[in-house]
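Let's take a walk through a protein chain together. Keep the sequence and the 3D view side by side, and find each residue as we get to it.

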Amino acid sequence: QIIPDELTLGDVSLTFYGRFTPTGDETIYGPYSASLPANVRFTTRHMRMRLTGVADTDWRVGTYLIDVTLGGTR
């Protein structure tokens with residue numbers, strides 16, 4: 001689950017990039033709108049997140065909360 005913290009809701013989109021090994025192929029998840037809390041589900045080991053402005057306006061991003069759940073049994 002993604003809980004956004006931004007002043008201008010809806011002006012930012014989130015894209016996640018994931019891979020299972022450091023040198024493996026990258027998979028793109030999204031883009032997701034940062035206007036409301038969103039339930040997002042995907043499986044990966046290495047993840048990065050990119051915030052992109054949707055409109056040509058000023059926007060501010062605060063602290064995002066990302067709830068991560070460990071998957072699988074090891």
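Before we start, here is a term we'll need: a residue is buried when its relative accessible area is under 20%, exposed when that area is over 50%, and partly exposed in between (1.4 Å probe, protein chains only). What you have on screen is a predicted model, in which local features need pLDDT of at least 70 and side-chain atom pairs count only at pLDDT 80 or more, while totals for chains, interfaces and linings use all residues. Residues are numbered from 1 along each chain as its sequence is written, and side-chain values use heavy atoms, with hydrogens and water left out.

First, the overall picture. The chain has 0 helices and 5 strands; these are DSSP runs numbered from the N terminus, with at least four residues for a helix (H or I) and at least two for a strand (E). Reading from the N terminus, you get β-β-β-β-β. Of the 74 residues, 22% are buried. The accessible surface comes to about 5600 Å², and carbon and sulfur atoms account for 51% of that; such areas come from the Shrake-Rupley method with a 1.4 Å probe, and for residues only the protein chains shown count as cover. Now for contacts, meaning heavy atoms within 4.5 Å: among those in the chain with a separation of 6 or more, 67% are between residues 24 or more positions apart.

Next, look inside. Which residues make up the largest nonpolar core? Its 9 residues are Ile2, Val12, Leu14, Phe16, Tyr29, Ala34, Ala38, Val40 and Tyr64. Strand 2 gives the most to this core, with 3 residues. A nonpolar core, by the way, is a set of buried Ala, Val, Leu, Ile, Met, Phe, Trp, Tyr and Cys residues joined through side-chain atoms within 4.5 Å. Try picking out Ala38: setting aside neighbours within four places in sequence, Ala38 is in contact with Gln1 and Ile2.

Strand 2, residues 12-19, has more to show, and Thr15 is found there. Thr15 counts as buried because its relative accessible area is 10%. Leaving out residues up to four places away in sequence, Thr15 touches Ile28, Tyr29, Pro31, Arg48, Met49 and Arg50. Ser13 is in strand 2 as well, and Ser13 is buried, with a relative accessible area of 14%. With the same kind of neighbours left out (up to four places away), Ser13 touches Pro31, Tyr32, Arg50, Leu51, Thr52 and Val54.

Pro31 deserves a stop of its own. Pro31 sits in strand 3, residues 27-33, and a cis peptide bond with an omega of about 10° joins Gly30 and Pro31. Most peptide bonds are trans.

Now for the rings. Rings of Phe, Tyr and Trp (its six-membered ring) pair if their centres lie within 6.5 Å; planes under 30 degrees apart count as stacked, over 60 as edge-to-face and the rest as tilted. By this rule there are 3 aromatic pairs. In one of them, Phe16 and Tyr32 are 6.2 Å apart centre to centre with 55° between the planes, a tilted pair. This pair links distant parts of the chain, with Phe16 in strand 2 and Tyr32 in strand 3, 16 residues apart. Is Phe16 buried or exposed? Phe16 is buried, because its relative accessibility is 2%, whereas Tyr32 is partly exposed at 25%. Phe16 also pairs with Phe42: the centres are 5.4 Å apart and the planes are at 45°, so this pair is tilted. Together, Phe16, Tyr29, Tyr32 and Phe42 form one aromatic cluster.

Finally, let's turn to charges. Side chains of opposite charge can pair when their charged atoms come close. The structure holds 2 salt bridges, each a side-chain nitrogen of Lys or Arg within 4 Å of a carboxyl oxygen of Asp or Glu. Glu26 forms a salt bridge with Arg19, with the closest N and O atoms 3.3 Å apart. Arg19 counts as partly exposed because its relative accessible area is 23%, and Glu26 is partly exposed at 33%. Glu26 also forms a salt bridge with Arg48, where the closest N and O atoms are 3.1 Å apart. Through shared partners, the salt bridges join Arg19, Glu26 and Arg48 into one network.
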